[in-house]
Amino acid sequence: MAIARLVSAFRAATIMGGLAALGLAALLAAPAQAKEWKTVRIGIDATYPPFESVNAKGEIVGWEVDYANELCKRMKVTCTFQNQDWDGIIPALIAGKFDMIMSSMSITPPRQKLVDFSVPYYFIPPVFVGPASNKSNDVTSASMKGKTIGTQSSTTFANYLEKFYPGAEIKLYPGGDEPQIELANGRLDYTVTSLIVATTFIEKSNGCCRVVAQIDPPLDIFGPGTGSAFRKEDADLRAMFDKAVAEMDADGSYKALADKYFKINIRGK
Amino acid sequence: MSWYALLFGPDGWSGLLLKGALVTIALALTTVPFGFGAGLLLAVLKMSPSRALRAACDAYTTFFRGIPDLLALFLVYFGLQALIDKAGRLLGLSGHFELSAFVAGVIALSVVAAAYSSEVWIASLAAVPPGQGEAAKSLGLSRPQVFILVTLPQLARVALPGLGNIWMVLMKDTSLISTLAVTDLLRAASEASRATTRPLVFYSAATALYLAFSLVSNLAQTWLERRANRGYA
């Protein structure tokens, strides 16, 4: 008896749930229109100091955040930042969790199949990092045979290692700073990362490690530089972004911001 | 920097850790009514005369007890979102309903907690003599009154130890949501340890906080069990 009551209650609940869903649908139904950008949500993987990292208050800070804020001022939009794990960052953009990715993402052909990129806004060569005790500068594939090299997964660094260092044991980590931390712990022989990320880490860790060699980046793996990623249908937002980048280049504010953080020229071409 | 400065100094991370702790507690507490309530419903449905309904409930519990909780979380987060998107498209909507990671966490953990707690509820339902319900009805109590005043207190006495166990596991499972970029206690600790390269300081702090929750939970459970066992030898 109780069961029959429960089952009929369940049926009633299903019907009510269906009606509620339709009600929700009515709320969500909106005529499609050209998007006027007032707020732009930016997805960032904040594990990449000094470009983006999380501070003690839980805020996302770094050069790329400052640069984004400057660009948003010129685009006349309000920008908010969302922390998103690197591995899922492009699917999250496509699923609509945010409107652009500005997370030191290199412009590469496989990524261009899924998203559209802005103009490149920095170019920094990748480097091999090793422990301070390793004085050799030899990074040929032969000398790396059997060594453990770490880097962040789903990155151009990982693609590079997999293509050119088949004899080495490659370890992939979800965060951008994790390989360097593991190197400092002695669990890795080398890591591959951006030159600036490496020097920042080495400074912060009081010289645990050193830059062993700079990599001459093949264009098909590393691309022309770092850009912001947009959904393919958001060409208008991308155009706004490119315009703001050009403005900041022209009036010298890019150089001022970059000089505040970096000792080398990162603008690239 | 000393561990004290890292936590409580002007640039200390204790604020972030405490915010994460609140998220963890909120997630665990929000899951309890849905998870244990659904578990009770499941237990009652499993006593249904309909073979199909019993089989469906058994399939449900076997499935969610058989896969890792992390997998259940991913299935809910990505699968439910995809279902919502598809339903929206089928209904011709252009709006986008976003399933937040916290809500997905609540749903996933409730679904798993329901599966586990249904077994506890079944055992406790069997422990309440049917004569109790009959006697209560003969006294003129309505169906809901019978359940709340007579059945549930006796159920609770048998179910509490098992449910308390599931609660402890649930509280730790909340850390799985850190994989979905929700800043719970574990993720706050890991963000802090990465930014400062001092993992032990922050993971120890997180340990202390989780143990504090366990201690409070234990005290609460002891108190509840003592109340439920009033009148029993």
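What follows is a chat about how the labels on this predicted model are earned.

Me: What makes A:Lys135 exposed rather than buried?
Reply: Count its neighbours: 9 other C-beta atoms lie within 10 Å of A:Lys135. Exposed means 12 or fewer, so A:Lys135 gets that label. As for where A:Lys135 sits, that's the loop between E8 and E9 of chain A.

Me: How far is A:Lys135 from A:Ser106 in sequence and in space?
Reply: They're 29 residues apart in sequence and 30 Å apart in space, going C-alpha to C-alpha.

Me: And what is A:Ser106 paired with in E13(A)?
Reply: Its bridge partner there is A:Thr226.

Me: How do you know that E6 and E13 of chain A pair?
Reply: Pairing needs at least two bridges, and strand E6 (residues 100-106) is joined to E13(A) by four, running antiparallel. Strand E7 (residues 116-117) of chain A also runs antiparallel to E13(A), with two bridges. The cut-off is at least two, so E7 counts as a partner of E13(A) as well. On that side, A:Asp116 has A:Phe230 as its bridge partner.

Me: Why is strand E13 of chain A called mostly covered?
Reply: A residue is buried once 20 or more other C-beta atoms lie within 10 Å of its own. In E13(A), residues 226-230, five of five residues are buried.

Me: What makes E10 and E12 edge strands in chain A?
Reply: The open sheet has five strands in the order E10-E9-E11-E8-E12, with mixed pairing. Strand E10 (169-173) and strand E12 (209-214) each have a single partner strand, so one side of each is left without a neighbour in the sheet. Neighbouring strands here are turned by 30° against each other on average, ignoring direction.

Me: How do you know that E9 and E11 of chain A pair, and in which sense?
Reply: There are two bridges between E9 (residues 148-152) and E11 (residues 190-194), in the parallel sense. At least two are required, so they count as paired. One bridge is easy to find: A:Ile149 has A:Tyr190 as its partner in E11(A).

Me: Which helix packs on that sheet?
Reply: Helix H5 (residues 156-164) of chain A, which touches E8, E9, E10 and E11 of chain A. Its direction makes about 150° with that of E9(A).

Me: How is chain A split into domains?
Reply: The domain assignment gives domain 1 as 39-123 + 224-261 and domain 2 as 126-222. Their centres, taken over C-alpha atoms, are separated by 24 Å. The contact between them takes 10 residues from domain 1 and 12 residues from domain 2. On the domain 1 side, that's four nonpolar, three polar and three charged.

Me: Which residues have the most contacts inside the largest nonpolar core?
Reply: A:Met100, B:Leu17 and B:Ala189, in a core of 76 residues. At least three residues come from each of the two domains of chain A. Beyond its neighbours within four places in sequence, B:Leu17 is in contact with residues including B:Leu185, B:Ala189 and B:Leu209. A second, separate core has 37 residues, B:Leu27 and B:Val76 among them.

Me: How many residues does each chain put into the A–B contact?
Reply: Chain B gives 25 residues and chain A gives 24 residues. In chain B, helices H2 (14-45), H4 (69-90) and H8 (185-196) each supply at least two residues. H2(B) has the largest share of that side, with five residues. By type, the chain B side divides into 10 nonpolar, 10 polar and five charged.

How values were computed
Residues are numbered from 1 along each chain as its sequence is written. Chains are lettered from A and ligands numbered from 1 in the order in which they are written. This is a predicted model: local features need pLDDT of at least 70, side-chain atom pairs count only at pLDDT 80 or more; totals for chains, interfaces and linings use all residues. Two residues are in contact if their C-beta atoms, placed from the backbone, lie within 7 Å. Ala, Val, Leu, Ile, Met, Phe, Trp, Tyr, Cys and Pro count as nonpolar, Asp, Glu, Lys and Arg as charged, and the others, Gly among them, as polar. Domain bounds come from an automatic or database domain assignment. Axes are lines fitted to C-alpha atoms, for helices over the stretch in contact, and angles run from 0 to 180 degrees between N-to-C directions. A nonpolar core is a set of buried Ala, Val, Leu, Ile, Met, Phe, Trp, Tyr and Cys residues joined through C-beta atoms within 7 Å.
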